[in-house]
Amino acid sequence: MIFEPKFSDCRKNLTKLAALVTTIDDVYDVYGSLDELELFTAAVNRWDIEAVETLPDYMKLCFLALYNTTNEMAYDILKRKGVNIIPHLKRAWVDLCKTFLMEAKWCSNKETPTFKAYLDNTLVSISGVLISVHVYFLLTESITKEALECLEKKHHPLVECSSLIFRFSNDLATSKAELERGESANSILCYMYETGVSEQEARKHISSLIEEAWKKMNKERVAPDSLFEKPFIETAFNLARIAQCTYQDGDGHGAPDNKAKNRVLSVIIEPVTLVQRLQHRSNLLAAVS
């Protein structure tokens, strides 16, 4: 998403963010009962260290990791930019946990929501909005009220479209496995249930929505007088790109195959190997001379 060397701090923080999102998503999807998930959601909403005492033991560490990591990020931003962003980060996490809770209720009740209800919820649950809020503060030099309102209340097209591409790419890759597990809510299943079309037709429709989202994003890219600085805009595009890359051949996040693993390793290992080869060659030339 953010590959430029100068944005290494943002990259480190987003790595922590991704780990937290994945872990907390698993708590809601797999480990927590509905009563426990209500407690966890309420604790995040309180955003008080004492709230940890209301949680089951296995949730305490998770809540403390979320609380401490988020506050640490906010501390760094306050120190560097003089802006207290805790209320904004907290709101983003509360919204995410509420959508996770809704999905857990759908699954528990074997309920398939309407396509619109699913999209309204998943726009947030895919974590694109959460990521965008964090990226905005980590990358933006001139933080404005207008931009924050677009991020948090109106869901700016850059955020909305990149989030939908993220979700639809995920659903196209994971829907069959989710159906086998008995899950009742993804875009393909909701569209099939609501319209009565086949799975093939539903997949075709979802793919067309991805194309429409890209068109909207491209319009925003060339729009004059954007509320956002260029690094933020590029990151929104890269979120959509990496989502399609991750899920192009299956679930490259939840169940990565060797192809997905090698793609990641190639980014890390090959450049290092090249540098080592160049250094070795340099040493040989030095020795000869």
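What follows is a conversation about the helices and a few single residues of this structure.

Biologist: What kind of model is this, and how many helices and strands does the protein chain have?

Modeller: This is a predicted model. The protein chain comes to 12 helices and 0 strands. From the N terminus on, the elements run α-α-α-α-α-α-α-α-α-α-α-α.

Biologist: What percentage of the 289 residues is buried?

Modeller: Buried residues make up 42% of them. The chain exposes about 15900 Å², and carbon and sulfur atoms supply 55% of that area.

Biologist: How many contacts join residues at least 24 apart, among contacts between residues at least 6 apart in sequence?

Modeller: The share is 66%.

Biologist: Let us turn to helix pairs. Why is H2 called roughly antiparallel to H4?

Modeller: Their axes cross at roughly 170 degrees. Angles over 145 degrees count as roughly antiparallel. Therefore H2 is roughly antiparallel to H4. The two axes come within 9 Å.

Biologist: Which residues of H2 and H4 meet?

Modeller: H2 brings Leu34, Leu37, Glu38, Phe40, Thr41, Val44 and Asn45. H4 brings Lys90, Trp93, Val94, Cys97, Lys98, Leu101, Ala104, Lys105 and Ser108. By class, the contact of H2 with H4 has 9 nonpolar, 3 polar and 4 charged residues.

Biologist: What makes H1 roughly antiparallel to H6?

Modeller: The angle again. The axes of H1 and helix H6 (residues 128-139) cross at roughly 160 degrees. The cut-off is over 145 degrees, so H1 is roughly antiparallel to H6. The axes come within 10 Å, and the crossing is right-handed.

Biologist: Which residues make the contact of H1 with H6?

Modeller: From H1 come Cys10, Asn13, Leu14, Leu17 and Val21. From H6 come Leu130, Ile131, His134, Val135, Leu138 and Leu139. They divide into 9 nonpolar, 2 polar and no charged residues.

Biologist: Why is H9 called oblique to H10?

Modeller: Helix H9 (residues 187-195) and helix H10 (residues 199-222) cross at roughly 120 degrees. Roughly perpendicular covers 65 to 115 degrees, and roughly antiparallel needs over 145. The angle of roughly 120 degrees fits neither range, so H9 is oblique to H10. Their axes come within 9 Å. The crossing is right-handed.

Biologist: Which residues of H9 and H10 make that contact?

Modeller: Ser187, Ile188, Tyr191 and Met192 of H9 meet Glu199, Ala202, Arg203, His205 and Ile206 of H10. The classes are 5 nonpolar, 2 polar and 2 charged.

Biologist: Now some single residues. How do you know whether glutamate 103 is buried or exposed?

Modeller: Its relative accessibility is 16%. Buried means under 20%. Glutamate 103 therefore counts as buried. This residue lies in helix H4 (residues 86-108). Leaving aside neighbours within four places in sequence, glutamate 103 is in contact with Asn121, Thr122, Ser125 and Arg167.

Biologist: How far is glutamate 103 from aspartate 29?

Modeller: They are 74 residues apart in sequence and 8.1 Å apart in space, C-alpha to C-alpha. Aspartate 29 is found in helix H1 (residues 8-31). Aspartate 29 and cysteine 107 are 78 residues apart in sequence and 8.6 Å apart in space, C-alpha to C-alpha.

Biologist: Why does aspartate 29 count as partly exposed?

Modeller: Partly exposed falls between the 20% and 50% cut-offs. Aspartate 29 has 43% relative accessibility, so it counts as partly exposed.

Biologist: What makes threonine 69 buried?

Modeller: At 17% relative accessibility, it is under the 20% cut-off. So threonine 69 counts as buried. Threonine 69 lies in helix H3 (residues 57-81). Not counting residues up to four places away in sequence, threonine 69 touches Lys16 and Leu20.

Biologist: Why remark on the phi of tryptophan 47?

Modeller: Because most residues other than glycine have a negative phi. Tryptophan 47 is not a glycine, yet has a positive phi of about 50 degrees. It is found in the loop between helix H2 (34-46) and H3. At 11% relative accessibility, tryptophan 47 counts as buried.

Biologist: What is the phi of lysine 110, and why is lysine 110 called exposed?

Modeller: Lysine 110 has a positive phi of about 55 degrees, although it is not a glycine. Its place is in the loop between H4 and helix H5 (115-125). Exposed means over 50%. Lysine 110 has 58% relative accessibility, so it counts as exposed.

Definitions and conventions
Residues numbered from 1 in each chain as written. Predicted model: local features only at pLDDT ≥ 70, side-chain atom pairs only at ≥ 80, totals over all residues. Heavy atoms only, no water. Axes fitted to C-alpha atoms, helices over the stretch in contact; angles between N-to-C directions. Helix = DSSP H or I, 4+ residues; strand = E, 2+ residues; numbered from the N terminus. Parallel < 35°, antiparallel > 145°, perpendicular 65-115°, else oblique. Left-handed = near helix turned anticlockwise from the far one by under 90°. Contact = heavy atoms within 4.5 Å. Nonpolar A, V, L, I, M, F, W, Y, C, P; charged D, E, K, R; others polar. Buried < 20%, exposed > 50% of the residue type's maximum accessible area, 1.4 Å probe, protein only. Areas by Shrake-Rupley, 256 points an atom, 1.4 Å probe, with all protein chains shown as cover.
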